[in-house]
Amino acid sequence: MRWGRLLKPLSQEFQCAFVLVSHNRKSGAGDTHVNQEVSGTTGLVGGVDNVFVLKRSSGNVTAVLHTDGRDTEQQLELALQLHDGRWACVGDAKDVNRSQQRNSVLEALNRAGGVGTARDIHEAMGATEKLSTLRVRLSRMVAGG
């Protein structure tokens, strides 16, 4: 059933919002759009203004909240952490999930003024690893955006 399509006229008439809660597909959606992870037909997400998908591994206290919809300029992926029974946003999921090694590179690059060679970054990091290892990491970071 297309609940979104049925509730939208009521929402507009009474100027209120409806929150529909569903669950994700057990198989996941792989690399496809996050809306396809919602269990049921595409009619469930097709008739609503916004979709929020919370993804968390079983037993994990961290999760990612994916947002998409007509009222958002761009899709967001927010990192959430569960503490004392409440979710708290701890930042952009991409930034939070980035490895400590990559964060160290970005911090060193900031200290170097935002531009520099691999050797400049290596020195700003305190030369704690081989320069060749850092060059490989930089190449992977550039390839990953």
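Visitor: How many residues lie between β2 and β3 in their hairpin?
Guide: Welcome! Keep in mind that this model is predicted. Strands β2 and β3 run antiparallel and are joined by six bridges. One place to find the pairing is Threonine 67, which stands opposite leucine 76 in β3. Follow the chain from β2 into β3 and the hairpin has, between the two strands, six residues.

Visitor: Which residue in the turn of the β1 and β2 hairpin has a positive phi?
Guide: Start with the strands themselves: β1 (residues 50-55) pairs with β2 in the antiparallel sense over six bridges. Along that pairing, asparagine 50 stands opposite glycine 69, and valine 53 has histidine 66 as its bridge partner. Six residues lie between β1 and β2, and the one in the turn with a positive phi, about 80 degrees, is glycine 59.

Visitor: What is the phi of aspartate 84, in the turn between β3 and β4?
Guide: Here β3 (residues 76-83) and β4 (residues 86-92) pair in the antiparallel sense, again with six bridges. Leucine 82 stands opposite tryptophan 87 in β4. The hairpin leaves two residues between the strands, and for aspartate 84 in the turn phi is positive, at about 55 degrees.

Visitor: Which strands are the edge strands of the sheet?
Guide: Let's put the strands in order. The open sheet has four strands, arranged β1-β2-β3-β4 with antiparallel pairing. An edge strand here pairs on one side only, and that picks out β1 and β4.

Visitor: By how many degrees are neighbouring strands of this sheet turned against each other on average?
Guide: Picture the order β1-β2-β3-β4 once more. Ignoring direction, the average turn between neighbouring strands of this sheet is 30 degrees.

Visitor: How many residues of β2 are buried?
Guide: To count as buried, a residue needs under 20% relative accessible area. Strand β2 covers residues 62-69 and is mostly covered. Of its eight residues, the number buried is six.

Visitor: Which element gives the most residues to the largest nonpolar core?
Guide: Let's look at the members of that core: Val105, Ala108, Ala118, Ile121, Met125, Leu131, Leu134, Leu138 and Met141, nine residues in all. The elements that give two or more of them are α4 (100-111), α5 (118-124) and α6 (131-143). With four residues, the one that gives the most is α6.

Visitor: Why do the buried residues of α6 line one face of the helix?
Guide: The buried residues are Leu131, Leu134, Arg137, Leu138 and Met141, and they pack against α4 and α5. On the other side of α6, Arg140 and Ala143 are exposed. Looking down the helix axis, the buried residues line one face because they fall within an arc of 115 degrees.

Visitor: How far does α6 reach from its first C-alpha to its last?
Guide: Helix α6 has 13 residues. At 1.5 Å a residue, the expected reach is 18 Å, and the model comes close to it. From first C-alpha to last, α6 reaches 18 Å.

Visitor: Is arginine 137 buried or exposed?
Guide: Arginine 137 sits in helix α6. Leaving out residues up to four places away in sequence, arginine 137 touches Gln101, Arg102, Val105 and Glu129. Its relative accessible area is 11%. Under 20% counts as buried, so arginine 137 is buried.

Visitor: Which residue with a positive phi follows α6?
Guide: Before leaving the helix, note leucine 131, in contact with Ala118, Arg119 and His122 when neighbours within four places in sequence are left aside. After α6 comes a residue whose positive phi is near 90 degrees: glycine 145.

Definitions and conventions. Residues numbered from 1 in each chain as written. Predicted model: local features only at pLDDT ≥ 70, side-chain atom pairs only at ≥ 80, totals over all residues. Heavy atoms only, no water. Core = buried A, V, L, I, M, F, W, Y, C linked by side-chain atoms within 4.5 Å. Buried < 20%, exposed > 50% of the residue type's maximum accessible area, 1.4 Å probe, protein only. Contact = heavy atoms within 4.5 Å. Pairing = 2+ DSSP bridges. Axes fitted to C-alpha atoms, helices over the stretch in contact; angles between N-to-C directions. Expected span 1.5 Å × (residues − 1). Arc of directions from axis to C-beta.
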